[in-house]
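Reader: I am new to this structure and should like to learn how its features are read. Would you kindly guide me through them in turn?

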Amino acid sequence: MSEGTRLENANPVIFQRSGDRVQTASEEDEDVHDPIDDREIFDLIRSINDPEHPLSLEELNVVEQVRVKVNDAESTVGIEFTPTIPHCSMATLIGLSIKVKLLRSLPDRFKIDVCITPGTHASEEAVNKQLADKERVAAALENASLLEVVNQCLSTRSI
Amino acid sequence: MAADSTLALSLVEEFVSGLQDSKAKDAAKGVKDGKFTVLQLVEALGSSLTSSQPHTRARGVLLLSEVLQECYRDLTEREVEVLIAFYENRLKDHYVVTPPVLKGLKELTKCTNLPPGSAVSMLRSVFQDIHVQSLMLSERACVYSMLINIMETREAELKGLGADFVFGFVQSMDGERDPRNLLLAFQIAKNLIHRGYELGKFTEELFEVTSCYFPIDFSPPPNDPHGITREELVQALRAVLTGTPNFAEFLLPLLIEKLDSDVQSAKLDSLQTLAACVSQYEHKHVAEFLQGLWTAVRREVFQTSSERIESAGLAALTALTSCLSRSVLSSDSEDSLSTFLDFILTDCKHHLCEPDLKLVWPSAKLLQAACSASTSASHIITAAVMPSLLEQYNNRAQCSHRRTLLEVVQRFIHSVKNCQSSDNDESVFLAFRESLCGVVFSALSENNSSLQITATSVLTSLAQQAGLLLESDIELALDHLTRLLLIEEDDRVSLAVAECAGALAQLHPALVISKLIPRLKNEMYTEPMNQDQGEASELHSHHAVRQRCLSALAAVSIQPSVVQESTPVLLEVLRSAHTGDVSFSVDEVVLTCRSLQRIAEQVQDTEEAGRCFHNIIIPHLLSLALQAALQGEGSSGTPSPLVEEVVLSAMVPVISTSCSRLQPTLAGQTASRAVSLFLDGDVSFLPDNSFPSHMQLLKKQEGDSWSLSRLVCLLMGSVCSLPRSVEVPQIDKLLSALEEMSCTCSHPLSYTSAAKCFAGLVNKKPQGDSLDSLIQRTVKRVCSELDSPSSSVHTQAFTLMIWVSKALLLRYHPLFTTLTDKLFSLLDDAGLGPMAAADGFSLLMSDSTDVLNRACHADVRIMYRQRFFSENKAKLVQGFNAAPQEKKPNYLKALSNIVNKLPKQVQVTELPALLSLLLEALSGPDQDIHLTTLSCLEPVLVNPPQVLIQQLEALVNRLLALLCSPAMSVRIASLSCISALSYFPVHEVLPFRARVLRALAKPLDDKKRLVRREAVQARAQWFLLGSPGGR
C-alpha cells in the first residue's frame, strides 16, 4: 500500500479492542479439560491486520465475537465477517486471511466455514462461494503475491 | 657542519634512490636534534628535486613532507615562507609529484606561525592548479584537511578572500563520493555557514553541492574498519543544510518533495531536518511554503503506519508553529501564525466532532502539537477547539464517545502544560474553568469505569495548571474522589482515584488533611451493618472499602505534613486490631503495614518525616508486636491478629525502609534502641510500657516457645538496613547471640531471620582479623553440625551457611571459597533432603528482598554472579561427571539454578561449555529440571550463538519430545522455545520447517487452553518462515 494512493475508506469508524482474556483458576489446573470456545476462536482472528489500515479487524469491527460460532464436540467453526463498506474490494482477501489463520491454528478435525455477514456486501454470494471452495483457496495460496499479502495480514505488526 | 651535511646527503640518498622509507624518520630526528636544518635538508635534496625523472622528484618531495610532518612545530616564519613558495611552485609539476606536495602543504597549514598572506596564496594556487576530484581519495582528504586547518587559524584572512573561497571549496567538493571525505567536506561547509563567511552569489551553489546528498542513503559495508555510520553523515549534513536561513528558499521545497518519497527513512530525515531548520528561521523565510509544508505533514500524520514518522511529523509541526509564533512578537505585518493555525483548524477541527472515527486521534495530535508550541498558539487553538469539544461532550450520550472526547481534552491540557513558562501568565483554560469542572465532575459521577478513570487524569492535569482551580473546586473534587473510593468496586478506578488524590495532596496538602483523611478514617471504623447475619458479600465489600481506604491513605502521603496526619490513623488501626476494640482481619492488618511501608518509601526525606517514623511509628510497631507475643504466651481469648507471621513479616519492610532511607542519625538511634531491647531487655523507649523487665529475647525461650524468639526479624529490619556509615552498638555480643539462636532454635522464621540478620551484619562488618576469625568460627561450627550424622539441627546449620555464603559472595570475601567447597560437597549429601543443596544455589544467586540488597546499603559488588559462575563452573561439571547416576539430577538442578540467574550476555558466552549438560538436563525425567533449563535456554535463543546452531538437530529433538510432557508448564515453555527457534537464521532452520509444523499440529488440540495459545503462536511463526511476505 503506497502512501500516495487514495484509500477506499480513509476515515473508518474505530471500535474499542476487547481486553485480554481473563485467566481462570481452572485454566491453570492440570486436570481440567478446557473446551475450545467462541472467545478462543475470536482471539485467534481479532488481531489480524487490515490490508489497508494499520488497524486490526477487531478495531474496524470486521469481526465480532457474536459472529463466531464454534462447536468443539462436532468439530465445526463458523465465522461471519462484515466489510467496512458494501463495495469493499478487499472482502475476499480479508476472508482468505481469516480462513488461513484458522487453518494454521486449529486442529485439522475442524470444518471451517468463513462467510460474509448476510446483507453487508454487494457481491456477497460470489465471495462466499470462493471462500467455501477448497480448491480455489488452495490455488490462491499457490499464488506467491497473494500469499505475501495474506502473510502480511497475519504477521504481528512491528512498529 | 660539513659532517652534518654529509649525514643529510646520505639519508636523502638512501631514501630517494635506496627507497628505504624508514630513513624519513631518521631525517626528521636529525632535524629535531639540530644536526641540520630543514633548509639544509632542502639543499641536500637538490639533485633529487631537479632530477629529470618525475618519480625521483616525487620521492624527494615526499622525504621533505614526511620530515615536515614530524617537525612543523619547530619551523621559523622565514623557513615556512620559503617552503610554501617551494611547494606552491611544485604544484605545477608532473602529476606524480602532486600527492607528496599536498601532503607537505597540509603539514605546513598546521604551523602556528604562517606568514600573513601565505594561507591565501596557498589556497589560490591549490584551487588554480589542482582539480581536486581527479585526485585519489587520500589526496582529496589532504585538501579538505588543509582547508579545515587554515579555517581554524586564519579565519580573518580567508574572509578577506570573499566569496572566492566559497567558490573554490564548492568546486573542490563537487562530486565527492567517499563517506570519509564527505564528513570532512560537511564540516568545512558547516564552518563556512556557522562562522559567518560571506557566501555571496554562491549561496545556491553551496546548497546544491551539499543538498544533492539529501536524504543520505548509506549503509556501511560489513566489517567496515572506518566505522562511519549513516547517522553521523545524516547529522553532519543536517548541520550544513539547517545552518542558515539563506538556504530556506531552496531547502523547504526540497523537503516538501522528499516527504512525498516512499522510502521511510527519507520521510523521517526530512521531518527531522524540517524541525531543525525552522528553529533558525523567521516567518518571512517560511511564509510562502506554509501550505505545502502543512499538507505534507498532515499527510504523514493522517496516513502513517509508523510511530516514529508520526512523532517526527508532530515535532516538526511544533517547531514550525513556534517559529511563526516568535515572529508575531517582532513584526506587525501579516499575521502568518494565525494563517497557519487556520490551515490546521480547517483541516482538523471537524474531525474532533466524530469521536468514533479513525481520524479523531491524528487530528487531535496535530492540534496539540501546534498548541504546545507557544502560548499564543495555545490561546488561538484552545479558543477555537475547547467550546466545541465541551459541547460535543454534553451532547453525546454514549460513554465511549464521551471518553474519547475527555481524553482529547486531557491531552490538550497536558500539551499546554508543556509550553507554559513560569511567568505570571494566567492559565489558557481560565475561560473554560467552570465548564471543564462541570464536565469532569459529571464524568466522575457517571457509572462507567473507563470514563471515571479518564476524568481523574483530566482532574490531575487541571490541578497542575497553576492558578486555575479554586479552592472550592478542589474541595468538590475531593468529595467526588472520596465517594468513588468508598463505593467503586473496580480496581482500576480505585487505583486511578488514589493516584489523582496523591497528585492533589502534593498541591493542596491542607485540604487533603482536613477533608479526605478524616472521612477515610471514619469509614474504616464503621462496623459492617447486619453483622449478626454476617452476610459474606457484605463483609467482603466492607473489607474492600477498608482496603481502598488504606491504599488511598498511602497514596496521599508524600508531603511530610500529610504523613503526620495519615500515619497516626494507620497506627490506630494496628492498635485497635491488637486490642480487639474494632475487629480487623489479618489481611487488613497486613495491608496497613504495607501502606506504612509505601509511605516510608515515598515520603520526602526530611527531619520531620524521619522523626515521625523513628520516634513514633517504629517504637509503636515494636511495642505492639511485643505485646501480642507476650499475650500469645498467655493465650487466653481470641488471639490478636498481630501474632500472625504474615503480619510480622509485613512489619519488617516498614522498619527496614525507614532505617535505610530516612535520616541516618535517627536510624542509628533506632538501631541502638533495638539492639538494647533485644540484648538487654531495655523497654524504656517503648510506649504503653507495661512489659516485664529483663526479657531475654535472643536467648533460648522456655519450652522452646517461638512467639518471642521470632521477633528477631524486626531486629533484622532495623540493624541490617542502616547505611554503612552508621555503626551498630555491641556488635560482637549481638553476633554471637544471633549465631547461637540460628543454630539452636527450632522455629523456621526465628532461625532463618537470625541467620539473615547475622549475614546482613557480616556483610557490612569492616575487613580485618576480627571478621576473619568470626567467619572461621562460624564455619567450623556449621561444618561440625552438618558432619555429625546425629545432629538434629542440620537444616538450621545449612540455612546459616547459605546466608553467610551469600553475605561473603556479595562482597568478594576471600573466605568465601571454603564455604563453596562445602556447598558442593553437600550436593552429594542425602541427609539434607533430595534437592536442598541444589536449591541453595538458587538462593545464593538471586536478589533477596529484605536483607543483603543495595536498598539496604549492603556491600554488593558488581557482577558477583558472573564471578561465582566462572570460578565454579569447572567444579560443577567435574562433580557432575564424577557423580553416581542417581545424584546427577542434583548437579543439573544446581547448574540450571545458577545459569538461570546469570545475566543474558554471560549466559550466551558461557553456553558453549554447558550446552551438552543442558541438553542432558532436557532429556531426564525431572519436570522441575526441564522447567528451569528451558527458562535458561529461552533468553539465549533470542540471539543464538554459533555453538547452539551446530547443535540444532539435538535441540529440536529434545524440545519436540517435551511437547508430550505431562506438566503443562513444561509444554508451554517448550513451545515458546520452539517459537524462538523460528527466528534463527533462515537457512539453518528452514530444513526443520515441515517437521516442526507437523509436530505442532498435536498441541493445537491440547486439553489446556494456555498450551494451545502458545502452540498457535509458535506454529504461526513457523508458517511465516521462508514464505513470501513472511520472514
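Author: Let us begin with a pair of side chains in this predicted model. B:R433 and B:D473 form a salt bridge, with their closest N and O atoms 2.6 Å apart.

Reader: Why does this pair tie together parts that are 40 residues apart in sequence?

Author: As a general idea, side chains of opposite charge can pair when their charged atoms come close. Here B:R433 belongs to helix α23 (residues 433-445) of chain B and B:D473 to helix α25 (residues 471-487) of chain B, so the salt bridge links parts 40 residues apart in sequence.

Reader: Are B:R433 and B:D473 buried or exposed?

Author: A residue counts as buried when its relative accessible area is under 20%. B:R433 is buried at 17% relative accessibility, and B:D473 is buried at 9%.

Reader: Which residues are joined into one network by salt bridges that share partners?

Author: That network consists of A:R21, A:E27, A:D37, A:E40, B:R1009 and B:R1012. The side chains of A:E27 and B:R1009 meet in a salt bridge at 2.8 Å, N to O. A:E27 lies in helix α1 (residues 25-28) of chain A and B:R1009 in helix α50 (residues 1009-1024) of chain B, so this pair joins two chains. A:E27 is buried, with a relative accessible area of 4%, and B:R1009 is buried as well, with 10%.

Reader: How many salt bridges does a search of the whole structure find?

Author: The search finds 60 over all chains. Another of them pairs the side chains of B:D93 and B:R90, at 2.9 Å from N to O. B:D93 has a relative accessible area of 18% and is buried; B:R90 is likewise buried, with a value of 18%.

Reader: Which residues form a negative surface patch?

Author: Such a patch is made of residues that have over 30% relative accessible area and no salt bridge. In this case B:E204, B:E205, B:E208, B:E249 and B:E288 form a negative patch. Helix α12 (residues 203-211) of chain B supplies the largest share, three residues. B:E204 is found in that helix and is partly exposed, with a relative accessible area of 38%.

Reader: Where does B:A629 lie, and is it buried or exposed?

Author: B:A629 lies in helix α31 (residues 607-634) of chain B. At 4% relative accessibility, B:A629 is buried. B:A629 and B:S640 are 11 residues apart in sequence, and their C-alpha atoms are 9.1 Å apart in space.

Conventions: Residues numbered from 1 in each chain as written. Chains lettered and ligands numbered in written order. Predicted model: local features only at pLDDT ≥ 70, side-chain atom pairs only at ≥ 80, totals over all residues. Heavy atoms only, no water. Patch = residues over 30% accessible without salt bridge, like charges linked within 9 Å, V, L, I, M, F, W, Y side chains within 5 Å. Areas by Shrake-Rupley, 256 points an atom, 1.4 Å probe, with all protein chains shown as cover. Salt bridge = Lys/Arg side-chain N within 4 Å of Asp/Glu carboxyl O. Lys, Arg positive; Asp, Glu negative; His and termini not counted. Charge placed at Lys NZ, Arg CZ, Asp CG, Glu CD. Helix = DSSP H or I, 4+ residues; strand = E, 2+ residues; numbered from the N terminus. Buried < 20%, exposed > 50% of the residue type's maximum accessible area, 1.4 Å probe, protein only.
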